[in-house]
Amino acid sequence: MTMYQVNILNPKATKLLQDLADLELITLAEIPADPFQAAIDGLRQRAAAAPPILTDISKEIETVRAKRYARRKA
């Protein structure tokens, strides 16, 4: 048996695949979603919608460094 991963670009293709499965020419099995990939996709969508500006990035870096330095000093 040969297995293929198919990425459906047009919703009409789903109907065609289902018709082939009904004729018992192929079997369809959904691959469970990877939670890590879902998180990455979410981050990418948010970044594309409103990319962070350099001052926000710098502010976050300084905050993390200050917390890390405070723990080392204490």
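This report walks through the helices, a loop, the salt bridges and the surface patches of one protein model. The model is predicted, not determined by experiment.

## Helix α1 and the turn after it

Start with α1, which covers residues 11-22. This helix has twelve residues. From its first C-alpha to its last, α1 reaches 17 Å. The expected span, at 1.5 Å a residue, is 16 Å, so the two values are close.

What follows α1? The answer is Glu24, a residue with a positive phi near 60°. Glu24 has this positive phi although it is not a glycine. The residue sits in the loop between α1 and α2, and α2 covers residues 35-49. Is Glu24 buried or exposed? Its relative accessibility is 72%, so Glu24 counts as exposed. The cut-off for that label is over 50%.

## A nonpolar patch

Some nonpolar side chains are found on the surface. Leu20, Leu23, Leu25, Ile26 and Leu28 form a nonpolar patch there. Together they have about 460 Å² of accessible area. Take Leu28 as one member of the patch. Leu28 lies in the loop between α1 and α2, as Glu24 does. With a relative accessibility of 46%, Leu28 counts as partly exposed. The reason is simple: partly exposed runs between the buried limit of 20% and the exposed limit of 50%.

## Two residues of helix α2

Next comes α2. Phe36 has its place in this helix. Its relative accessible area is 56%, so Phe36 is exposed. Now compare sequence and space. Phe36 and Ile61 are 25 residues apart along the chain. Their C-alpha atoms are separated by 24 Å.

Ala39 is also found in α2. This residue counts as partly exposed because its relative accessibility is 42%. How far apart in space are Ala39 and Val6? From C-alpha to C-alpha, the distance is 22 Å. In sequence, Ala39 and Val6 are 33 residues apart.

## Helix α3

Helix α3 runs over residues 54-73, which makes 20 residues. It reaches 28 Å from first C-alpha to last. That is close to the 28 Å expected at 1.5 Å a residue. How many of the 20 residues of α3 are buried? The count is zero, and α3 is hardly covered.

Arg71 belongs to this helix. Its relative accessibility is 66%, so Arg71 counts as exposed. Arg71 is also part of a charged group. Lys67, Arg68, Arg71 and Arg72 gather in a patch of positive charge on the surface. Arg71 and Ile53 are 18 residues apart in sequence. In space their C-alpha atoms are 28 Å apart.

## Salt bridges

Side chains of opposite charge can pair when their charged atoms come close. How many salt bridges does a search of the whole structure find? It finds two. The table lists them.

| Salt bridge | N to O distance |
|---|---|
| Lys15 and Asp19 | 3.0 Å |
| Arg65 and Glu62 | 3.7 Å |

Take the pair in α1. Lys15 and Asp19 both lie in that helix, four residues apart, which is about one turn. Lys15 is exposed, because its relative accessible area is 54%. Asp19 counts as partly exposed, because its relative accessibility is 30%.

Now take the pair in α3. Arg65 and Glu62 both lie there, three residues apart, again about one turn of the helix. Arg65 counts as exposed at 51% relative accessibility. Glu62 counts as partly exposed at 47%.

Why do these spacings suit a pair within a helix? An α-helix has 3.6 residues a turn, so residues three or four places apart point the same way.

## Drawing it together

Look back at the exposed residues. Glu24 stands in the loop after α1 at 72%. Arg71 sits in α3 at 66%. Phe36 in α2 has 56%. The salt bridges lie within helices: Lys15 with Asp19 in α1, and Arg65 with Glu62 in α3. The surface also carries a nonpolar patch that includes Leu28, and a positive patch that includes Arg71.

Terms used. Residues are numbered from 1 along each chain as its sequence is written. This is a predicted model: local features need pLDDT of at least 70, side-chain atom pairs count only at pLDDT 80 or more; totals for chains, interfaces and linings use all residues. Side-chain values use heavy atoms; hydrogens and water are left out. Helices (H or I, at least four residues) and strands (E, at least two) are DSSP runs, numbered from the N terminus. Buried means under 20% relative accessible area, exposed over 50%, partly exposed in between (1.4 Å probe, protein chains only). Patches are made of residues with over 30% relative accessible area and no salt bridge: like charges are joined within 9 Å, nonpolar side chains (Val, Leu, Ile, Met, Phe, Trp, Tyr) within 5 Å. Accessible areas come from the Shrake-Rupley method with a 1.4 Å probe; for residues, only the protein chains shown count as cover. A salt bridge is a side-chain nitrogen of Lys or Arg within 4 Å of a carboxyl oxygen of Asp or Glu. Lys and Arg count as positive and Asp and Glu as negative; His and the chain ends are not counted. The place of a charge is taken as NZ of Lys, CZ of Arg, CG of Asp or CD of Glu.
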